[in-house]
Amino acid sequence: MKQQICILGSTGSIGTQALDVIEQHSDLYEVYALTANNRVEELARQARKFNPAAVVIANEAHYATLCKLLTDRPDIKVYAGKEALKQIVEAEPINMVLAAMVGFAGLEPTIAAIKARKKICLANKETLVVAGELICKLAQEHHASILPVDSEHSAIFQSLVGEDDNEIDKILLTCSGGPFRLFDRDRLQTVTAADALRHPTWDMGAKITIDSASLMNKGFEVMEAKWLFGVPADKIQVLIHPQSIVHSAVQFADGAVKAQLGVPDMRLPIQYAFSFPKRLPLKGDRLDLFTAHCLEFFEPDTEKFRCLALAYEAINRGGNMPCILNAANEVANEAFRHNKCSFLGMADIIDRTMQRATFDASPDLEVYLQTDAEARRIATEFVAEKAAAKG
């Protein structure tokens with residue numbers, strides 16, 4: 001029997017690469033459902049190629065267009081809206097749900113998939129950033145497995161396979177440092193979104209690429225690692241590794257370090273999440289250590305890249321503070337991409353939002369939803385202030 005897969009966010013970077021993995025192993029995997037937010041034409045093209053049972057467009061304004069594009073395919077059911085996203089993951093034939101939506105929007109569909117006891121291949125980091133404690137509790141309660149798709153967390157996971165209960169001394173979480181690694185604050189004042197989108201090693205979506213440039217992405221990944229592997233934040237060390245060859249590592253109590261190395265190719269962690277514990281063949285480049293020349297590691301500069309420091313602050317405060325951080329970052333990230341605030345201004349907006357938004361030490365899902373809405377309103381006000389001052 002082929003494994004039936006639902007891809008939440010099939011038109012994004014992770015979703016399209018997942019479809020390539022599925023196509024390479026069509027004897028093992030089959031697409032049951034595809035979803036997207038706005039890319040209706042791309043979603044229709046994917047549906048025609050992979051013939052899913054259903055497609056969902058989250059933005060209901062595109063429903064009529066999607067129906068028209070698939071009018072000659074009555075075998076493919078078409079749905080729209082946020083509720084449809086939550087309902088589709090519950091479909092009985094689905095074995096795995098790839099959570100590849102970007103941002104807070106991925107939280108509720110992922111929770112629905114966990115409650116339906118699906119295997120979760122998690123690429124939506126905001127799910128654990130915002131509600132890590134709740135997600136881990138629900139996964140345990142409903143016996144749903146969560147396998148990481150982020151390259152760094154997959155590397156950590158692969159390094160831990162076979163180690164059972166051996167004590168972790170430290171997690172070594174690597175990142176390339178982004179395109180501005182060597183810039184001073186004066187140069188950072190004037191960088192543009194176009195500059196930030198030129199990532200030196202990875203091909204990712206715009207939002208994640210900006211987060212990578214600001215190191216907020218790495219702050220999110222520290223939070224993810226905390227929940228995925230049960231390691232406190234003070235035992236998770238961020239390393240700038242420009243070559244992007246060591247995808248992350250684990251140091252054990254005896255001092256031994258295990259790492260996962262490879263070329264920058266997100267299809268590998270996607271496929272490993274699908275196939276675990278088996279390793280399947282994968283077409284693509286292979287790591288050649290003879291041409292790698294050197295492996296460099298540096299400490300991150302949290303004064304220049306304040307977003308990473310703010311992420312650690314949110315982790316240490318706990319409660320709904322990571323939710324506040326995430327909401328403010330989504331607003332600030334979009335503002336930077338639309339030239340409404342500067343690169344360094346993103347951290348200012350996030351910091352001020354964290355200071356003003358209502359703190360709750362013991363949030364539930366309803367509190368997370370309220371917190372997200374409040375923090376977005378506050379951050380949007382700060383963006384407007386900066387835009388007014390700029391213009």
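The exercises below, each with a worked solution, concern a predicted model.

**Exercise 1. The seven-stranded sheet**

Determine the strand order of the open sheet of seven strands, and name its edge strands.

Solution. Step 1: reading across the sheet, the order is 4-3-2-1-5-6-7, and the pairing is parallel. Step 2: an edge strand pairs on one side only, and this applies to strand 4 (77–80) and strand 7 (146–148). Step 3: from one strand to the next, the twist averages 20 degrees.

Now look at one pair inside this order. How many bridges join strand 1 to strand 2? Strand 1 covers residues 3–8 and strand 2 covers residues 29–36; they run parallel and are joined by six bridges. To place the register, take Cys6, whose bridge partner in strand 2 is Ala33.

**Exercise 2. A helix across the sheet and the loop after it**

Find the strands that helix 2 lies across, then examine the backbone at Asn51.

Solution. Step 1: helix 2 spans residues 40–50 and lies across strand 2 and strand 3 (54–57). Step 2: its direction makes about 165 degrees with strand 2. Step 3: the loop between helix 2 and strand 3 contains Asn51. Step 4: the phi of Asn51 is near 50 degrees, a positive value in a residue other than glycine. Most residues other than glycine have a negative phi.

**Exercise 3. The four-stranded sheet and its helices**

Describe the open sheet of four strands and the helices that pack against its strands.

Solution. Step 1: the order is 9-8-10-11, with mixed pairing. Step 2: strand 9 (236–240) and strand 11 (257–261) are the edges, each pairing on one side only. Step 3: with direction ignored, neighbouring strands are turned by 20 degrees against each other on average. Step 4: strand 10 (residues 246–252) pairs with strand 11 in the antiparallel sense over five bridges. Within that pair, Ser248 stands opposite Gln260 of strand 11. Step 5: helix 7 (residues 151–160) packs on the sheet and touches strand 8 (168–175), strand 10 and strand 11. The direction of helix 7 makes about 40 degrees with that of strand 10. Step 6: helix 11 (residues 216–229) lies across strand 8 and strand 9, and runs at about 150 degrees to strand 8.

**Exercise 4. An annotated site**

Take the residues that UniProt lists as "binding site" and check how they are arranged in space.

Solution. Step 1: the unreviewed UniProt entry lists Asp150, Glu152 and Glu221. Step 2: these residues are spread over 72 residues of sequence. Step 3: they nevertheless cluster in space, with a largest C-alpha distance of 8.5 Å. Step 4: of the listed residues, Glu152 can be placed in helix 7.

**Exercise 5. Helix 7 against helix 12**

Classify the packing of helix 7 and helix 12, and identify the residues in contact.

Solution. Step 1: the axes are 9 Å apart and the packing angle is about 50 degrees. Step 2: this angle makes helix 7 oblique to helix 12. Step 3: the crossing is left-handed. Step 4: helix 7 contributes Ser151, Ser154, Phe157 and Gln158, while helix 12 contributes Leu268, Pro269 and Tyr272. Step 5: sorted by class, the contact has four nonpolar, three polar and no charged residues.

Next, inspect the chain at Pro277. The loop between helix 12 (267–275) and helix 13 (289–292) holds Pro277. A cis peptide bond joins Phe276 and Pro277, with omega about 10 degrees. Most peptide bonds are trans.

**Exercise 6. Two partners of helix 15**

Compile the contacts of helix 15 with helix 6 and with helix 16.

Solution. Step 1: helix 6 (residues 126–141) and helix 15 (residues 321–337) pack at about 155 degrees, their axes 8 Å apart. Helix 6 is therefore roughly antiparallel to helix 15. Step 2: the crossing of helix 6 and helix 15 is left-handed. Step 3: Glu126, Val129 and Val130 of helix 6 meet Pro322, Cys323, Asn326 and Glu330 of helix 15. These divide into four nonpolar, one polar and two charged residues.

Step 4: helix 15 also packs with helix 16 (residues 345–356), at about 150 degrees and with the axes 9 Å apart. The crossing of helix 15 and helix 16 is right-handed. Step 5: on the helix 15 side the contact includes Met321, Ile324 and Leu325, and on the helix 16 side it includes Met346 and Ile349. By class, it has 10 nonpolar, three polar and no charged residues.

Note on methods
Residues are numbered from 1 along each chain as its sequence is written. This is a predicted model: local features need pLDDT of at least 70, side-chain atom pairs count only at pLDDT 80 or more; totals for chains, interfaces and linings use all residues. Side-chain values use heavy atoms; hydrogens and water are left out. Axes are lines fitted to C-alpha atoms, for helices over the stretch in contact, and angles run from 0 to 180 degrees between N-to-C directions. Helices (H or I, at least four residues) and strands (E, at least two) are DSSP runs, numbered from the N terminus. Angles under 35 degrees count as roughly parallel, over 145 as roughly antiparallel, 65 to 115 as roughly perpendicular and the rest as oblique. A crossing is left-handed if the near helix is turned anticlockwise from the far one by less than a right angle, and right-handed if clockwise. Contact means heavy atoms within 4.5 Å. Ala, Val, Leu, Ile, Met, Phe, Trp, Tyr, Cys and Pro count as nonpolar, Asp, Glu, Lys and Arg as charged, and the others, Gly among them, as polar. Two strands pair if DSSP finds at least two bridges between them. UniProt positions are given in the numbering used here, feature names are shortened, and annotations may be inferred rather than shown by experiment.
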